[in-house]
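Trainee: Got a minute to go through this one with me? I'd like to get oriented before I set anything up.

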Amino acid sequence: MDSKELVRESYEVFVKAVLAGMMICFGCIVFMSCSEKIVGATLFSFGLLTIVCRGLWLYTGKIGYLRQVGLRNILLTIVGNLVGSIILGSAINATRYGEGLLIKAQALSDAKLDDSLISIFILSIACGVMMYLAVDSYRKCKSWLFVILPVVIFIMCGFEHSIANMGYFTIAGAWSMKAALYILVMAVGNGVGSAIMNVVTYKVRGDV
């Protein structure tokens, strides 16, 4: 791949990652807007449904395929997801609607930042498993049900999704060095969970 193709590919990945970050932030917004948690968890899945249908780049959907995707694209993806989360989260904060979300976002963020890192890491692994199952199952059968159910499960169980938490932290105004550390731990945990499922699904069965 020559330099022009590399730049073009990198630009495309980054733009699709920014859009994916925004879609997940939309999910955060609708989740916090619902009085019933199960309804909010179900509507949150709009974000991932849009991502898989439109071919956008979400870190938690790509990290399980690190060997195929490549480290450079993974790094571009998580940075793009962060940018997208901050853009939409900051934009909603500038509206009257953001005022109603602030208290809920702060409560969610405080609960996460008050937790221990080992707890966060384990909950992030579990979320990584759910996200891998959602994306890989959709790739195989194109069923929206396999996208929605893992999303509902990870939200109802309180598993930690690194990109969603970028959205919550932005809306809550909770960014700090500690918050950045927790996001890093969540991202690693999501990656571990996805990698475990990739190994179990393919390598243990001898498919690759």
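**A buried aspartate and the rest**

Mentor: Start with Asp136, which is buried, with a relative accessible area of 5%. Keep in mind that this is a predicted model.

Trainee: Which residue does Asp136 form a salt bridge with?

Mentor: Its partner is Lys140, and the closest N and O atoms are 2.5 Å apart.

Trainee: Where do the two sit relative to each other?

Mentor: Both are in helix H7, 4 residues apart, so about one helical turn separates Lys140 from Asp136.

Trainee: How many salt bridges does the structure hold?

Mentor: There are 4. One of them joins the side chains of Glu9 and Arg72, at 2.6 Å from N to O. Glu9 belongs to helix H1 and Arg72 to helix H5, so this pair ties together parts that are 63 residues apart in sequence.

Trainee: Are Glu9 and Arg72 buried or exposed?

Mentor: Neither label fits. Glu9 has a relative accessible area of 27%, which makes it partly exposed. Arg72 is partly exposed as well, at 36%.

Trainee: And what about Lys16 and Glu12?

Mentor: Their side chains also meet in a salt bridge, 3.0 Å from N to O. Both residues lie in helix H1, 4 residues apart, about one turn of the helix. Lys16 is partly exposed with 24% relative accessible area, and Glu12 is partly exposed with 41%.

Trainee: Changing topic: which residues touch the most other members of the largest nonpolar core?

Mentor: Phe44, Leu48, Ile51, Leu58, Phe154 and Ile171, out of 64 residues in that core. Eight stretches each supply at least two of its residues: H1 (3-33), H2 (37-54), H5 (71-93), H6 (96-113), H7 (117-141), H8 (145-156), H9 (162-172) and H10 (177-203). The largest share comes from H1, with 12 residues.

Trainee: Take Ile51. What does it touch outside its own stretch of sequence?

Mentor: Leaving out residues up to four places away in sequence, Ile51 touches Ala20, Met23, Ile24, Leu56 and Leu58. Leu58 is also among the core residues that touch the most other members.

Trainee: Why would nonpolar side chains be buried together?

Mentor: That is a general tendency in soluble globular proteins. I would not read more into it here.

Trainee: Which residues make the nonpolar patch on the surface?

Mentor: Ile38, Val39, Leu43 and Met156 make a patch of about 310 Å². H2 gives the most to it, with 3 residues. Leu43 is found in H2, and at 40% relative accessibility it counts as partly exposed.

Trainee: Back to charged residues. Is Lys112 buried or exposed?

Mentor: Lys112 is buried, with a relative accessible area of 11%. It is found in helix H6.

Trainee: What is around Lys112?

Mentor: Apart from neighbours within four places in sequence, Lys112 is in contact with Ile120, Glu160, Asn165, Tyr168, Phe169 and Tyr182. The side chains of Lys112 and Asn165 are joined by a polar contact of 3.3 Å.

Trainee: And how far is Gly158 from Lys112?

Mentor: They are 9.7 Å apart in space, C-alpha to C-alpha, and 46 residues apart in sequence. Gly158 is in the loop between H8 and H9, and it is partly exposed, with 30% relative accessible area.

Trainee: I also had Asp115 on my list. Where is it?

Mentor: Asp115 is in the loop between H6 and H7. It is partly exposed, with a relative accessible area of 23%. Not counting residues up to four places away in sequence, Asp115 touches Ile120, Leu123 and Tyr182. Ile120 and Tyr182 are also among the contacts of Lys112.

Trainee: How far is Asp115 from Leu133?

Mentor: The two are 26 Å apart in space, C-alpha to C-alpha, with their positions 18 residues apart in sequence.

Trainee: Last one. What is the phi of Lys142?

Mentor: It is positive, about 55 degrees, although Lys142 is not a glycine. Most residues other than glycine have a negative phi. Lys142 lies in the loop between H7 and H8, and it is exposed, with a relative accessible area of 56%.

Notes. Residues are numbered from 1 along each chain as its sequence is written. This is a predicted model: local features need pLDDT of at least 70, side-chain atom pairs count only at pLDDT 80 or more; totals for chains, interfaces and linings use all residues. Side-chain values use heavy atoms; hydrogens and water are left out. A nonpolar core is a set of buried Ala, Val, Leu, Ile, Met, Phe, Trp, Tyr and Cys residues joined through side-chain atoms within 4.5 Å. Buried means under 20% relative accessible area, exposed over 50%, partly exposed in between (1.4 Å probe, protein chains only). Contact means heavy atoms within 4.5 Å. Patches are made of residues with over 30% relative accessible area and no salt bridge: like charges are joined within 9 Å, nonpolar side chains (Val, Leu, Ile, Met, Phe, Trp, Tyr) within 5 Å. Accessible areas come from the Shrake-Rupley method with a 1.4 Å probe; for residues, only the protein chains shown count as cover. A polar contact is a pair of N or O atoms within 3.5 Å; within protein, one must be able to donate a hydrogen and the other to accept it, and residues adjacent in sequence count only if both atoms are side-chain atoms.
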